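Trainee: I would like to learn how to read a protein structure with some care. Could we go through one together, question by question?

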Amino acid sequence: MKIAFREAKSIITKSNIPSIDFVINPYTGCQHGCIYCYAEFMIRFTGHKGDKWGQFLDIKTFDFDKIKPHKYIGKRILLSSVTDPYLPLEKKYQNTRKILEKLIETTAEISILTKSKLVVRDIDLFKQFKNIRVGVSINTIDEEFSRIIECAASKPMARLDALKEIFEAGISTYVFVSPFFPEITDFKAIIEKSSDFTNKYSFENLNFRPHNTPRILRVIKEKYPKLISKYKEIQKDPSYWDEVESKIRYYCEHMNLNYEINFHHGGFSKS
Ligand code: SF4
């Protein structure tokens with residue numbers, strides 16, 4: 001892992017994500033190195049040409065005292081969008097914790113999203129926020145598959161255990177079922193294992209991008225050879241996602257769950 005320190009001009013930046021006003025990315029790069037990651041484009045913008053995603057991390061340096069918690073009244077802030085706020089090296093460098101400490105007074109809606117059990121470390125801080133929700137992203141409870149596609153993230157059940165602990169501490173929680181792997185993601189099993197301690201579910205489909213498609217297809221070919229033709233078909237004809245969306249909707253309505261489905265946003269047009 002190549003580690004460097006880089007001064008950041010700002011740490012809370014405007015967002016292009018619909019319904020999110022600002023994003024906080026305490027690091028550049030991501031140790032989790034998920035094979036499907038959409039944030040890999042960051043390599044081009046951050047002077048990391050030639051580096052491999054998942055194998056470098058810039059620790060952002062910033063005067064965190066400059067953070068003004070009252071500047072974000074009525075806004076939504078996501079932590080994080082192109083890294084994970086609770087990477088293994090967060091234990092040492094604590095950028096996420098330092099930022100949260102400065103934001104405590106804010107009334108902005110803070111959404112934390114992670115694949116790491118380290119998130120429980122900050123329960124004491126979460127409790128002091130007026131408007132915060134903490135989520136984990138998960139797309140399988142199969143540990144072996146998770147290890148292949150998200151090699152350095154916490155195991156799926158460890159993420160859910162962390163969420164349970166956070167919920168039991170009185171903090172609002174959500175599960176982000178993402179990315180949904182066709183014919184592999186068992187969303188009902190994920191709901192079954194988490195519905196007692198989750199306030200909301202969000203669902204996002206797997207987006208095929210030129211950089212991640214060869215990796216995804218290679219893994220499917222090795223692990224689920226019978227699905228390879230299906231995956232190729234979905235790439236050409238994304239109408240498959242409409243069927244999945246209907247199944248999720250039906251199940252969530254039936255279970256009376258609070259949920260949202262964010263399919264087709266990655267360049268697909270709804271058929
Ligand atoms: S945790 Fe998120 S940002 Fe990090 S590699 Fe995985 S998908 Fe990308």
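Trainee: Which elements do the buried residues of helix 7 pack against?

Mentor: Keep in mind throughout that this is a predicted model. Helix 7 covers residues 187–194, and its buried residues are Phe187, Ala189, Ile190, Ile191 and Ser194. If we follow the contacts that these buried residues make, we arrive at two helices and three strands listed by name: helix 6 (156–168), helix 10 (240–254), strand 8 (132–138), strand 9 (172–180) and strand 10 (200–205).

Trainee: Stepping back to the chain, what is its radius of gyration, and how does that value compare with the globule rule?

Mentor: The chain has 10 helices and 11 strands. For 271 residues the globule rule gives 18 Å, and the computed value is close to this, so the chain is as compact as a globular protein of that length, with a radius of gyration of 18 Å.

Trainee: What share of the residues of the chain counts as buried?

Mentor: A residue is called buried when its relative accessible area is under 20%. Applied to the 271 residues of the chain, this cut-off gives a buried share of 56%.

Trainee: And how much of the contacts with a separation of 6 or more comes from residues 24 or more positions apart?

Mentor: Here we leave out pairs with a smaller separation and ask about partners that lie 24 or more positions apart in the chain. Among the contacts with a separation of 6 or more, the share of such partners is 75%.

Trainee: How far apart do the centres of the positive and negative side chains lie?

Mentor: We begin by counting the two sets, which hold 43 positive and 34 negative side chains. Taking the centre of each set and comparing their positions, we find a separation of 5 Å.

Trainee: Why is the pair of Phe41 and Phe45 given its particular name?

Mentor: The structure holds 17 aromatic pairs, of which this is one. The ring centres of Phe41 and Phe45 are 6.0 Å apart and the planes meet at 70 degrees. Since planes over 60 degrees apart meet the cut-off, the pair of Phe41 and Phe45 is called edge-to-face.

Trainee: Are Phe41 and Phe45 buried, partly exposed or exposed?

Mentor: Each residue needs its own check, with exposed meaning over 50% and partly exposed lying between that and the buried limit of 20%. Phe41 has a relative accessible area of 33% and is therefore partly exposed. Phe45, at 59% relative accessibility, counts as exposed.

Trainee: Which residues form a cluster through ring pairs?

Mentor: A good place to start is the edge-to-face pair of Tyr240 and Trp241, with 5.3 Å from centre to centre and 75 degrees between the planes. Both Tyr240 and Trp241 are buried. Ring pairs link these two with further aromatic residues, and the cluster is made of Phe180, Phe187, Tyr201, Phe203, Tyr240, Trp241, Tyr251 and Phe263.

Trainee: Which residues does Glu40 touch, if those up to four places away in sequence are not counted?

Mentor: Glu40 is placed in the loop between strand 4 (27–28) and helix 1 (42–45). Its relative accessibility is 16%, and it therefore counts as buried. Once residues up to four places away in sequence are set aside, Glu40 touches Trp53, His211 and Arg215.

Trainee: With which residues is Gln55 in contact, leaving aside its neighbours within four places in sequence?

Mentor: Gln55 sits in the loop between helix 1 and strand 5 (56–61), and with 47% relative accessibility it counts as partly exposed. Leaving aside the neighbours within four places in sequence, Gln55 is in contact with Met1 and Lys2.

Trainee: What is omega for the cis peptide bond from Ser178 to Pro179?

Mentor: Pro179 is found in strand 9. Another cis peptide bond joins Leu79 and Ser80, with omega at about 20 degrees. For the bond from Ser178 to Pro179, omega is near -20 degrees.

Trainee: What is the phi of Glu183?

Mentor: Glu183 lies in the loop between strand 9 and helix 7, and at 47% relative accessibility it counts as partly exposed. Although Glu183 is not a glycine, its phi is positive, at about 65 degrees.

Technical notes:
Residues are numbered from 1 along each chain as its sequence is written. This is a predicted model: local features need pLDDT of at least 70, side-chain atom pairs count only at pLDDT 80 or more; totals for chains, interfaces and linings use all residues. Side-chain values use heavy atoms; hydrogens and water are left out. Helices (H or I, at least four residues) and strands (E, at least two) are DSSP runs, numbered from the N terminus. The radius of gyration is taken over C-alpha atoms; the globule rule is 2.2 Å times the number of residues to the power 0.38. Buried means under 20% relative accessible area, exposed over 50%, partly exposed in between (1.4 Å probe, protein chains only). Contact means heavy atoms within 4.5 Å. Lys and Arg count as positive and Asp and Glu as negative; His and the chain ends are not counted. The place of a charge is taken as NZ of Lys, CZ of Arg, CG of Asp or CD of Glu. Rings of Phe, Tyr and Trp (its six-membered ring) pair if their centres lie within 6.5 Å; planes under 30 degrees apart count as stacked, over 60 as edge-to-face and the rest as tilted.
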